[in-house]
Each structure stands twice: as C-alpha cells, then as structure tokens.
Amino acid sequence: MNPLSSLARAFAFVVLVLLALPAVAQTRAWLDRDRINANETVTLNIRTDGMARPDYDPLLRDFNVSGRSSRTEMDNSGVHSLFAVALQPRRAGRIAIPPLSVGNARTQPLFLQVEAANAPVPSRAGDDVFIESEPDDTSPYVQQAVGWVVRLYSAAPLVSGQLDQRTPDGASLQQVGEDARFAREVAGRRYEVIERRYQLIPERSGALTVPGAVFEGRGTGGFFDELFGDRGATLNAQAPTRVLQVQPAPANAPQPWLPLRGLQLRYATTPRDLRAGTAGTLVVEATADGATAAQMPELELPAIDGVQVFAEPVQADETFRDGRPRVKLTRRFSLVPARAGAAKLAALRIDWWDVESNATRTASLPPISWNVAAADGAAPATMAATATTAAARDGTMATVAGTAAAHRGWVLATLLFAALWLFTLVWGLHQRTHHALPAARSHGAAGPTPAATPPAQALADLRRALDAGDLGEVADALCALAVPPVGDVDALLARLDDGLQRDAVDALQRARWGRGDGVHARQLLRTAFAKGPRWRVDTAAAKPSLLPPLYPPA
C-alpha cells in the first residue's frame, strides 16, 4: 500500500472525528425581573447550545421551584435549547442564585432583590379576573416622565384576550419593554399576572384623567365544558379611572426645565499630562433617572484658555426601569494645547429639578488643572498629517502634469473635437428657436412649479403621531413631510409658506420645552395640516427656460 495514501486516509479520519465531536456549549442564564415581591414568582431562563438539562437542586434552599419547561430553537448558528423555571422565594432580601451545572458548562451567578409582601390588597381581589393600574407619582410635574404600570390578574389560565390602555387627553403614553408574566398570591388565591409598563408624560398642568385599562378575553373551561364544545368562559375586566394632579414648572426652577429623579456626572477618562501640539482625551459621562436623550441638555466643556477643544458626537444608552426612562450620555473630547504653561478646565455644572424633594439640584464635576509641557522636537501629529497630505497632493499633481505633457497631442485633438461639437449644437439650437420660444412661453404661463407633494404615508404618520405619539414623534413626523425630509424643525419652518402652519409648529416647540399647551398645539397642527403642508416656491427654479426641450413635445 502506498504510504502517502495511508497517511491521507488517516488524516481524513482524524478530521472527521474532530468534526463529529460536540463543540463547547455556550450557556447563559437570566431572570425576567431582578426585583419582585415575596409573594410573587420570577422566571429563570437558561439558553445552551448543548442538549443537557440544568441541575436545579442548588435552588431548592432559597426557592420553591415549579413550572419547568423547555423547547428547542434552530437558527443559522445551530440548534439551541431554552429552559425556563418559575422560582418563588422563601424569604425577603437579596438572594444569590448560584451557578447551575448544564452538562459540562455552568451558568453565571445572578442576584434577585425580594421585597417584603406589604403591598395593599387590590380592591377587586377574589374576582376571577381584574385589573389594577398605578403611577409611580400621583402629583408629577409637567414634562416629567411617569412610570405607569397595568397588571391583569386571572385566576384561570387565559386562552386569548386583548389588554388595552387608552392614551389620556393632555399627555403622551408609550409602552416600554415586554410584558412580564408571573404568579402572585392575593388574599389566599393564586393568580397568573400579566404586567405591562408605560411611560406617561403630562403635557400641561392641572388634573389629568387616565382612563382605566380594559381587557376582553376567554379563559379555559373545565373538562365537561370542553367535552361539549365550550372553549371557555368570556372574561371582561376594567381598571378604575385614575386622576393625577400635574404641577406646573416652579417659577424658581432652573432653565432649561429638567425634571428628574437623579443626575450624576463623572469623568470617565482624564488626561494626566498635556503637551503642546498633542491631543489628550477627556471623556464625560452623565447618567439621568427620568429623562430621555432628547430631553437632556448638551454635554459641553467650558472654554479652556490656550487649549483647543474638539468634541465628538454624544453617545446615548437609553433604558427603562419601572416605566421610567434612564439614559447614560457619553461624550469624548480631544484637548489640543497651543502652548506650554498652565491650563485649567473650569467646573462643569448642570442644574436640574428634583421631583422627589421639590428642590433645585446641581450635578457638577470639579475643575482640573494641567501644567502643559512644551512640544518635543518632532512635529505634532496634526502637522505631520497635514504635511503628508500636502506631499501626497503635490506628488499626484506632478504625476498628472507628466501624463498631460506626454499626451499633449491627444489633449489638443480632444479639445478640437469638443469645439466642433459645441458649434454644431449652437447652430441646431438657433434653427429651432422659433419652435422653442412659443413652447417656453406656454410652459411658463402655467405658473411656478409647485413643491413636491408629500407621500400619503407621511401624512398618515403625522395623524397617527398627533393621536398617540409624544411631541417628539410629532416633530419627526412633520419633518418627514418635506421632500426630501428636513433635519430639524427650524429647517421645516424655513420651508413652510403658510402662516397658520408656521404658528402651529411654533406652538409645538413651545409645548415641547414646557412653555406651552401640548393639547392646544396638537389641535392647531391637526387644523393647519389637514390638507397637507404648503411649501415656499423656489422662484429661481420656476422661471421658464429659453432653451428648447431636449425632445420635441408629443
């Protein structure tokens, strides 16, 4: 037998064996909630690339384990197993969920905060199905983000149903996150709970009436009901109407108006030393509880004498917790000293209104001082880059010049051909002038060319935003009416030709920043834009051309 052939067969056999071996399973665990009450359950999810089942025994010391389930998923990366189990804590406090063995892999440790079950019993407890809804603040300020939670309780498993929460007049309402499902014991009865969270932002002060959420569905029937074709009883429930007392922005509140529950600033990165002509990096982070990125003021540094500051775009990381927005803004600054000596960055301050203590607060960063070192003998990076670019440009120009000199004859021939073609074109246009001028006059008599009409979908999006969106979404829908869309509201105002439409957009801007009535602004916008926007006409583009058309009219 050929030794090379035997070696090839052995190599192929080893490759096949290696391919047949299972890959190392990627395993991850997570909780559907990290904070619950002592009388509730939480779902522990485990996803693994292997087929081994988790060992739940380490959980039995702190939890009652029930509701085990599993399923298999398939995607482009392969086959995965997803396991879920319901955990009911045996005690309150912070409970550690230890790593669990899943075949040869282990999950990471998790932590669960369990609050004592001291919440008041819902008024409809004992019914087969009922709804409760509550805000995290019953007397918020205008433009304050309020967490609104709706919980549907059902004593029997639900077959189907629809849970709706209508948007109140004078506020915007937006669902955040996915529905949470868990079990809760209420008045000695076990309920399956569906919890849905919203962000509610009042747009004007005064009484705000929030309609009660409504549920319509069907629950599972008993054995004899299913035997005789009854698929379950009809279930209906409605939460009571709630009224919030919205406070106006206080007269002594800092501007811009920024109602929050918390705001922290920190230096994520600071340069220890600075050198003239060399860039140093400074990174500032702002973390706010109760605001979106659009509501936050710009992160800017005070001017630094003798130092140029170049700011990169702000990076925003938005999340929601208990229905309230939380945002972390990160901005990177490059500091380039122009000379050696002392340089000082003044303290950075952002004033905000504490909605919990009803007082003005200030988040600040301390000043920073540097002793800027003199530039070293090497050219600064920016100057070196400029010199390199200039040298490359000069080399390119020299190459082009050499090429042009080598092919000067071809260049002269091309220019002569272009001159002859231009002469022929002018002669032809002259011969057709008596046909072109009447056509141009008749075309110009029709008046200026109207601006592009926005698509019907853009108008439908505007009506939808006026009915159910927040004021920021209304502004985005207005900007999308332009063809092509404009980047901001100021550009939109410059394009609009109708005074009523411009007044309505101005009212929207006042309402967005807490100085106007959002409901009134929505009504003005509905009326002004009922038949679509009216744009200014570009008079220069509307003038008829004296040149004949490229093709004769049909």
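Guide: Relative accessible area sets three classes, with buried under 20%, exposed over 50% and partly exposed in between (1.4 Å probe, protein chains only). This is a predicted model, in which local features need pLDDT of at least 70 and side-chain atom pairs count only at pLDDT 80 or more, while totals for chains, interfaces and linings use all residues. Residues are numbered from 1 along each chain as its sequence is written, and side-chain values use heavy atoms, with hydrogens and water left out.

Visitor: How many aromatic pairs does the structure hold?

Guide: Rings of Phe, Tyr and Trp (its six-membered ring) pair if their centres lie within 6.5 Å; planes under 30 degrees apart are stacked, over 60 edge-to-face and the rest tilted. With that rule, the number of aromatic pairs is 6.

Visitor: How far apart along the chain are Phe130 and Tyr191?

Guide: These two rings make an edge-to-face pair, 5.4 Å centre to centre with 80° between the planes. Strands (E, at least two residues) and helices (H or I, at least four) are DSSP runs, numbered from the N terminus. Phe130 is in strand β10 (residues 129-135) and Tyr191 in strand β14 (residues 189-202), and their separation is 61 residues.

Visitor: Is Tyr191 buried or exposed?

Guide: Its partner Phe130 has 2% relative accessibility, so Phe130 is classed as buried. Tyr191 has 0% relative accessibility and therefore counts as buried.

Visitor: What is the angle between the planes of Trp257 and Trp353?

Guide: Their ring centres are 6.3 Å apart, and the pair is tilted, at 40°.

Visitor: Which parts of the sequence does that Trp pair tie together, and how many residues apart are they?

Guide: Trp353 is buried at 4% relative accessibility, and Trp257 is buried at 10%. Trp257 lies in the loop between β18 (242-246) and β19 (259-260) and Trp353 in strand β26 (residues 348-354), so the residue separation is 96.

Visitor: Which residue forms a salt bridge with Arg339?

Guide: A salt bridge is a side-chain nitrogen of Lys or Arg within 4 Å of a carboxyl oxygen of Asp or Glu. For Arg339 the closest N and O atoms are 3.4 Å apart, and the partner is Asp305.

Visitor: Why does Asp305 count as exposed?

Guide: Arg339, at 46% relative accessibility, counts as partly exposed. Asp305 counts as exposed because its relative accessibility is 62%.

Visitor: Which residues do salt bridges that share partners join into one network?

Guide: By the same rule the structure has 26 salt bridges. Those sharing partners join Arg33, Glu40, Glu132, Glu134, Arg151, Arg184, Glu195 and Arg197.
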